[in-house]
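Please take a moment with the sequence and the structure below before reading on. The paragraphs that follow start at the DNA strands and then turn to the interior of the protein.

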2 protein chains.
Amino acid sequence: MSEPSTCDRILDAAETLFAEQGFHLASLRQITQAAGVNLAAVHYHFGSKQALLLAVFRRRLDALNQARLKRLEEALGKADGPQLEDVLDAFVYPALAFSRGSDADGHRFMQLLMRAFADRDEDLHAAISSEYAFVMRRFADAIAQTLPGREPDLLRRQLDFIVGALTYTMAESSLADTRSIASDLVRFAAAGLRGSGLSAELYDSTARTGARGTLETSS
Amino acid sequence: MSEPSTCDRILDAAETLFAEQGFHLASLRQITQAAGVNLAAVHYHFGSKQALLLAVFRRRLDALNQARLKRLEEALGKADGPQLEDVLDAFVYPALAFSRGSDADGHRFMQLLMRAFADRDEDLHAAISSEYAFVMRRFADAIAQTLPGREPDLLRRQLDFIVGALTYTMAESSLADTRSIASDLVRFAAAGLRGSGLSAELYDSTARTGARGTLETSS
DNA sequence: ATAATATTCAAACATGCGTTTAAATCGAAC
DNA sequence: GTTCGATTTAAACGCATGTTTGAATATTAT
């Protein structure tokens with residue numbers, strides 16, 4: 001009885017095969033065969049293929065969110081108030097460590113996560129968003145606290161830049177050192193945030209000669 | 001004969017449906033019905049569903065690469081040498097304009113492109129890379145020219161950050177103004193690049209004293 | 001007009017899919 | 001030891017898919 005349960009074996013196999021081949025290409029026959037369980041076990045324990053995918057996501061996102069929030073709490077509890085780099089690191093590092101840890105499936109899950117963002121599956125998107133919205137707002141608030149006066153719309157847009165950079169980086173198959181990648185990304189994001197406090201829209205209102213017109217103010 | 005040819009009608013419908021639903025979910029019956037052509041026309045003109053996908057990519061990537069390189073040439077031809085913002089804009093703006101232009105299919109194609117990066121389809125990945133490698137190197141060289149002394153490995157990594165931010169932003173369905181998004185992203189990327197070029201030891205300011213401990217201490 | 005070629009068409013083929021079913025097997029509780 | 005619910009199993013169902021086929025039609029050149 002040291003064997004993992006049927007549910008866990010299905011979840012593990014599904015996570016691997018969904019990430020490797022995509023949701024629609026990975027078949028339940030493949031998954032159940034890799035898990036060493038019967039085909040019908042999926043519908044017995046989860047109800048449908050789609051519900052299985054959601055279960056795979058939930059299991060990992062819970063752990064990731066917890067790790068991120070724990071680090072965020074540490075950053076917020078500092079004596080002098082939160083430092084921007086600490087907040088960014090609390091967001092970036094757990095995800096990268098998760099995607100490159102000793103568990104090879106972590107990396108595959110992160111590829112699956114990026115796939116989910118690329119997909120237009122609305123049910124899946126909604127499920128992930130609801131699982132993430134709370135965490136994202138905590139981080140947005142913390143970052144705003146370190147950048148007083150920043151317009152909320154611009155900050156949201158810049159957070160998307162960081163999420164994109166992080167997601168894309170995680171999906172890359174390069175096996176470079178996690179900590180150094182996290183360091184580089186935090187530094188890059190912090191510099192990007194600090195160095196572009198004013199929205200381009202404020203400049204665009206007067207310069208109508210195209211994007212380059214607004215960009216040549218590279219003082 | 002004022003109607004578009006069968007090939008073009010298939011390509012248009014395929015681009016839309018691949019982007020909306022993904023490669024494996026969009027069926028040839030859907031595509032040929034939307035195009036108003038017979039089911040077998042796909043195999044007659046393209047050979048297979050996969051070959052149709054590659055044809056869809058090639059048609060758009062040619063145009064995007066051309067637009068990017070044209071703007072890059074303009075940036076490189078400036079009297080005082082290329083400005084970092086101009087080079088970044090040459091990379092960012094055509095993609096964003098393409099994804100949000102008057103042609104609604106442009107946006108869908110960019111979603112399809114992000115999907116391709118998330119997919120592990122090696123044939124597709126190789127085809128896209130070969131179509132992109134030349135352009136990417138041109139831009140990497142141009143950026144390196146504006147940031148003398150930057151370590152090539154770090155620059156490559158930072159370029160991936162920018163590609164990720166751009167790709168993720170393009171896949172978002174928000175309909176905000178293209179030029180303002182491009183400007184914000186260029187400004188963010190330029191600040192990120194300029195502000196994080198120094199090694200960790202030299203990058204030392206009061207704002208960062210807490211980050212190093214967090215980043216380089218494993219939990 | 002005729003022949004040759006290129007293209008379109010409706011129909012079928014083989015396959016794999018997610019799902020369902022109903023019987024078989026297991027594990028405790030009484 | 002029997003009973004009863006939980007779990008596993010093998011088999012089948014219905015359906016959609018990519019692909020192929022061969023005849024019908026349009027296009028072009030002679």
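Helices, as named here, are DSSP runs of H or I with at least four residues, numbered from the N terminus. With that in mind, and remembering that this is a predicted model, one can begin at DNA strand C, where α2(A) gives the most to the nearby surface, with three residues. In all, 16 residues surround DNA strand C, and the closest are S27(A), S48(A), T6(B), N38(B) and A40(B). Both α2 (28–35) of chain A and α3 (41–45) of chain B supply at least two residues each of this surface, which by class holds eight nonpolar, six polar and two charged residues.

Around DNA strand D there are 15 residues, of which T6(A), N38(A), A40(A), S27(B) and S48(B) come nearest. Here α3 (41–45) of chain A and α2 (28–35) of chain B are the elements that give two or more residues to the surface, and the residues divide into eight nonpolar, five polar and two charged.

Away from the DNA, nonpolar side chains in soluble globular proteins tend to be buried together. The largest nonpolar core has 108 residues, and those touching the most other members are V87, V92 and L185 of chain A together with V87, V92 and L185 of chain B. Setting aside residues up to four places away in sequence, V87(B) touches L72(B), A75(B), P82(B), F139(B), A142(B), I143(B) and T146(B).

Helix α7 of chain B, residues 122–146, also contains A133(B). This alanine, A133(B), counts as exposed because it has 10 C-beta neighbours inside 10 Å, where exposed means 12 or fewer. Its C-alpha atom is separated by 21 Å from that of V186(B), which lies 53 residues apart from A133(B) along the chain.

Methods:
Residues numbered from 1 in each chain as written. Chains lettered and ligands numbered in written order. Predicted model: local features only at pLDDT ≥ 70, side-chain atom pairs only at ≥ 80, totals over all residues. Near = placed C-beta within 6 Å. Nonpolar A, V, L, I, M, F, W, Y, C, P; charged D, E, K, R; others polar. Core = buried A, V, L, I, M, F, W, Y, C linked by C-beta atoms within 7 Å. Buried ≥ 20, exposed ≤ 12 C-beta atoms within 10 Å, placed from the backbone. Contact = placed C-beta atoms within 7 Å.
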